[in-house]
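Welcome! Here is a short tour for anyone meeting this structure for the first time. Please take a look at the sequence and the model before reading on.

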Amino acid sequence: MWRVSLLVMTLCATLTMAQFPRECVAPEGLQSGQCCPSPTGAVGDECGSSTGRGQCVAIAADNRRHGPQYPYAGRDDRERWPLRFFNRTCQCNGNFSGYNCGRCRHGLTGPNCDQRISVVRRNLMQMSTAEKQAFVNALDQAKRTVHPDLVICTRRYQEVLGPDGNTPQFENITIYNYFVWSHYYSVSKTYLGPGQTSFGGVDFSHEGPGFVTWHRFHLLQLERDMQDMLNDPTFALPYWNFAIGGSDCDICTDDLLGAKSTFDINSISSNSVFSQWRVICESVDDYDSLGTICNSTETSPIRRNPAGNVARPMVQRLPEPQDVLDCLELNAFDTPPYYSTSSESFRNTIEGYSAPQGMYDPVIRSLHNLAHLFLNGTGGQTHLSPNDPIFVLLHTFTDAIFDEWLSRHQPGEVVYPEENAPIGHNRRFNMVPFWPPVTNAEMFVSAPENLGYSYEVQWPARAYTLSEIITIAIVAAVLVVAVVGGVIACAVRARSYRSAEALEPLLGETFRRYSEDDRRLDKSQSVV
């Protein structure tokens, strides 16, 4: 349907590759540009307005300058997200949240969303056998469970209303595959039209300040979806401490994320449930050349060969504990140009484009990036990486480092760039493609106090420098001399005291309690 009315063309242009609540994608909802459902389904109760939960309002989208990496305007539906899709949504009051204000903010529960609840994300390797198995089972269940609320668009804007102009082209997707799809959508190229090369210099979730905030919300959404699926509000995503050095993948065992196949070194062992998983969003050439959209079709198995990239020895070893410590000591959250070329930037360092000490080096890949590349397969390709469930554990640990940095440095929102970051990464930009809209700033907060989760991490201790060792040795020597001197003085004094006692009369032992102090007692006191 290439030639339609101006109204329909405008509408379709606002619907490319979208994910939205199932309730909002009927023709009338798409045409109105409004997504303000009722949490109870009652007519006239938009966003729970009748009970004070929220109201339907115009969406605020960031309009500040972005960096020069993206040179176009009006060519990508993710610009000023999500105004090309919807222009009105629910604004929830107080502690209420969700696309219809029917939920509580992260970290709160109860009918009035006033009861605090917190979960603890733990090291997968330190969990019990039963806990490990429960997590593996939950991931597999999420791979097979249709998302209860969200659907994805499966056609480009010219075809989104279907051949008859009245059949929206959306389809269901499972909870875990939606997790994969949303990551793909954030990194996909800008389609410029038939016969033109798609523009690849755009990324709404990497190579900018939003790297840590985008992935934080990405994990939060999966965690909450899995809590709902399991009907267990205490469920927490564990983490993989990838900063252990060496070339062994300690979580790559059949009882966890899958061992290496004995028949194909690039495959997962058939003894692991993850050997049965199939990836989505694999047809990149079609997306880029034809302008088609990743849908929920599953294709190939997960590929993985940890430390197996012999062509790049640098990525055959995992990051070291010292790398994390060095990264945490960086004072600046991010530095101009707020991109993958930034130096002395905590964000660029944890993302892995700088050395752990903060200096940008185009050859180096460290921390997060190095862990991905170490996996050497599906997990090392940006558009595909979440298909490998190790992605979840790798990013929870990355988020743990981010939260520890926030705790140590207490930076405040002001250090997050308000403008001139790559498109999608400014402080007030609504992160693509999340719904309802959520800004980078909303995730730039301490998790325990604001988001309802914390980490149980034993951070490695920093090694002493040579000057510190010398100082400690000097102080210790002085203390030893002081203690020895004190002991000698006490011994001499004790010997002198015993010599004086030897000269006292024998009666002195019997009547010693009558000291001079005793005789100075107040004479008015009774003496028995």
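The report below walks through disulfides and the burial of their cysteines.

Keep in mind that this is a predicted model. How many disulfides does the structure hold? The count is 7, and three of them are described here one by one, each with its cysteines.

**Cys24 and Cys35**

Let us begin with the pair of Cys24 and Cys35, whose sulfur atoms sit 2.0 Å apart in a disulfide. The link is right-handed, with 75° about the S-S bond. What does this pair tie together? Cys24 belongs to the loop between strand S1 (19–21) and helix H2 (27–32), while Cys35 is part of strand S2 (residues 34–35), so the disulfide joins parts that are 11 residues apart in sequence. Is Cys24 buried or exposed? Cys24 has a relative accessible area of 4%, which is under the 20% cut-off, so this residue is buried. Its partner Cys35 is buried too, at 0% relative accessibility.

**Cys36 and Cys56**

Next comes the disulfide of Cys36 and Cys56, with 2.0 Å between the sulfur atoms. This link is right-handed as well, with 65° about its S-S bond. The pair connects distant parts of the chain, 20 residues apart: Cys36 is in the loop between S2 and strand S3 (54–58), and Cys56 is in strand S3 itself. Cys36 counts as buried at 9% relative accessibility, and Cys56 is buried with a relative accessible area of 14%.

**Cys249 and Cys252**

Further along the numbering, Cys249 and Cys252 form a disulfide whose sulfur atoms are 2.0 Å apart. Which hand does this link have? The torsion about the S-S bond is about 60°, so the disulfide of Cys249 and Cys252 is right-handed. Both ends are buried: Cys249 has 13% relative accessibility and Cys252 has 14%.

Here are the three disulfides in one view.

| Disulfide | Sulfur distance | S-S torsion |
|---|---|---|
| Cys24 and Cys35 | 2.0 Å | 75°, right-handed |
| Cys36 and Cys56 | 2.0 Å | 65°, right-handed |
| Cys249 and Cys252 | 2.0 Å | about 60°, right-handed |

**Two further cysteines**

Finally, a word on Cys153 and Cys327. Cys153 is buried, with a relative accessible area of 0%. Cys327 counts as buried at 0% relative accessibility.

Technical notes:
Residues numbered from 1 in each chain as written. Predicted model: local features only at pLDDT ≥ 70, side-chain atom pairs only at ≥ 80, totals over all residues. Heavy atoms only, no water. Disulfide = S-S within 2.5 Å. Helix = DSSP H or I, 4+ residues; strand = E, 2+ residues; numbered from the N terminus. Buried < 20%, exposed > 50% of the residue type's maximum accessible area, 1.4 Å probe, protein only.
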